[in-house]
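Please look through the sequence and the structure below before reading on. The report that follows takes up a helix residue, a pair of strands, and the spaces enclosed by the protein.

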Amino acid sequence: MKERILTGLRPTGNLHLGHYFGACQNYLKLQEEGNEFYLEIADVQALTDNFNNPEKVRKNVYEITTDLLSIGIDPNKVNFYIQSKIPEIAELTIFYSNLVTVSRLQRNPTVKTEISQKKELFGEKGESITYGFLGYPVSQAADITCFNGTKIPVGEDQLPLIEQCREIVRKFNSIYGDTLEEPTPILSETKRVKGLDGNEKMGKSLGNAIFLVDDSETVKKKIMSAKTDTNKIHKDDPANPDNCMVYYYHKLVNNEENCKRICENCKKGTIGCVDCKKELIEKMNELLEPIRTKKEYYNNHKEEVEKIINEGTNKAKEEAKVQMNKIKEAMKINY
Ligand code: ATP
Ligand code: MG
């Protein structure tokens with residue numbers, strides 16, 4: 001069977017290393033496998049926790065699209081579209097909202113973690129949680145099923161959301177007859193990338209990310225302030241590289257031989273943190289420089305980006321209509 005790849009990103013900031021290693025590596029691989037591939041710029045979902053900041057979301061639709069193009073996502077193989085331009089997704093969200101309980105949403109581990117990270121918006125204990133944010137997994141189930149997505153490349157933090165979608169699909173099929181397909185998540189080799197502060201997740205909203213378009217001065221500053229083993233006070237103190245974010249990022253961007261050397265020298269106390277950080281800065285810039293160059297190209301060719309988004313969104317609109325007819329027929333609301 002030909003798979004339908006479906007994934008999405010929230011336009012809330014630029015792409016960071018977490019996206020790049022945690023999700024985009026799979027996008028780059030899957031786009032070469034001849035499957036149909038839909039990539040959603042999830043502006044409606046971004047508004048669930050940025051409803052008071054619409055300029056931010058609008059600006060980042062362009063930013064995230066050009067970042068994706070700059071890392072090599074090929075618009076001839078991947079169909080970009082904007083979520084808010086597909087009203088069927090909002091319609092489906094309403095239909096599916098009958099198939100999920102409020103307590104199930106409150107128990108969703110991803111939603112729980114995110115509520116606790118957004119205290120300024122949702123209160124100390126989540127007492128000010130909005131209906132929209134609590135319900136975003138339902139809207140994500142609509143994103144996936146609206147295009148009959150079968151394979152979903154995501155980072156590990158998304159797994160409970162895919163599980164919730166599978167439950168909705170099963171419930172839908174058991175009531176209205178076999179209509180929807182259960183999607184399967186696909187994880188990258190690096191399932192989850194930690195933040196500069198040692199947090200389990202590097203995130204756009206967590207203030208702990210290295211962005212792919214950061215200039216070399218910013219990269220330098222961020223790496224210089226990354227968390228290292230607190231037991232290493234002097235340059236020649238031995239330390240544990242497993243307690244160090246600098247070594248952690250070396251493992252992402254440096255080669256095996258260099259990582260082995262750094263690990264051994266760190267344990268023996270024969271490499272200081274400053275030298276280790278300098279080497280990381282160099283390797284990081286080697287990775288980021290070609291991406292920065294491509295980003296600059298798109299910034300100078302904005303009309304190309306607009307065309308990619310418009311054409312992709314038009315194709316997605318056609319596709320959504322077909323799926324919607326099928327769903328309305330199953331639900332007996334095809335008047
Ligand atoms: P936000 O803070 O706005 O939620 P985010 O950094 O979590 O931003 P998303 O747009 O929500 O980014 O996620 C897009 C994709 O990138 C998802 O598949 C998600 O799992 C993946 N992803 C994001 N951060 C990481 C990370 N640190 N490690 C692995 N995958 C990640
Ligand atoms: Mg997220």
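In which helix does Asn60 lie? In this model, which is a predicted one, Asn60 belongs to helix α3, a helix that covers residues 54-70. Asn60 counts as buried because its relative accessibility is 4%, and the cut-off for that class is under 20%. Leaving aside residues up to four places away in sequence, Asn60 is in contact with Pro11, Thr12, Gly13 and Asn14.

**Strands β2 and β3**

Strand β2, made of residues 36-41, runs parallel to β3, and the two are paired over four bridges. Within this pairing, Tyr38 has Asn79 of β3 as its bridge partner. In a regular strand, side chains point alternately to one face of the sheet and to the other. For β3, which spans residues 79-82, Asn79 and Tyr81 lie on one side while Phe80 and Ile82 lie on the other, and since all four are buried, both faces of the strand are covered.

**The largest pocket and the largest cavity**

The model also contains open and closed spaces, and the table sets out the largest of each kind.

| Space | Volume | Nonpolar lining residues | Polar lining residues | Charged lining residues |
|---|---|---|---|---|
| Largest pocket | about 860 Å³ | 15 residues | 17 residues | twelve residues |
| Largest cavity | about 110 Å³ | nine residues | two residues | three residues |

The lining of the largest pocket is made up of 44 residues, and those nearest the centre of this pocket are Arg10, Glu114, Asp157, Gln158 and Lys201. Two or more residues of that lining come from each of the strands β1 (4-9) and β4 (151-154) and from each of the helices α1 (17-30), α6 (109-117) and α9 (136-146).

How many cavities of 30 Å³ or more are counted? The count comes to one. The largest cavity is lined by 14 residues, and Lys232, Cys244, Cys266, Cys273 and Cys276 are the closest to its centre. The elements that each give two or more residues to this lining are α12 (245-253), α13 (256-268) and α14 (273-299), and it is α14 that supplies the largest share, with three residues.

How values were computed. Residues numbered from 1 in each chain as written. Chains lettered and ligands numbered in written order. Predicted model: local features only at pLDDT ≥ 70, side-chain atom pairs only at ≥ 80, totals over all residues. Heavy atoms only, no water. Buried < 20%, exposed > 50% of the residue type's maximum accessible area, 1.4 Å probe, protein only. Pairing = 2+ DSSP bridges. Contact = heavy atoms within 4.5 Å. 1 Å grid on protein atoms, 1.4 Å probe; cavity = no way out; pocket = protein on both sides within 12 Å on 5 of 7 lines; lining within 4 Å. Points joined across faces, edges and corners; volume = space filled by probe spheres on them. Nonpolar A, V, L, I, M, F, W, Y, C, P; charged D, E, K, R; others polar.
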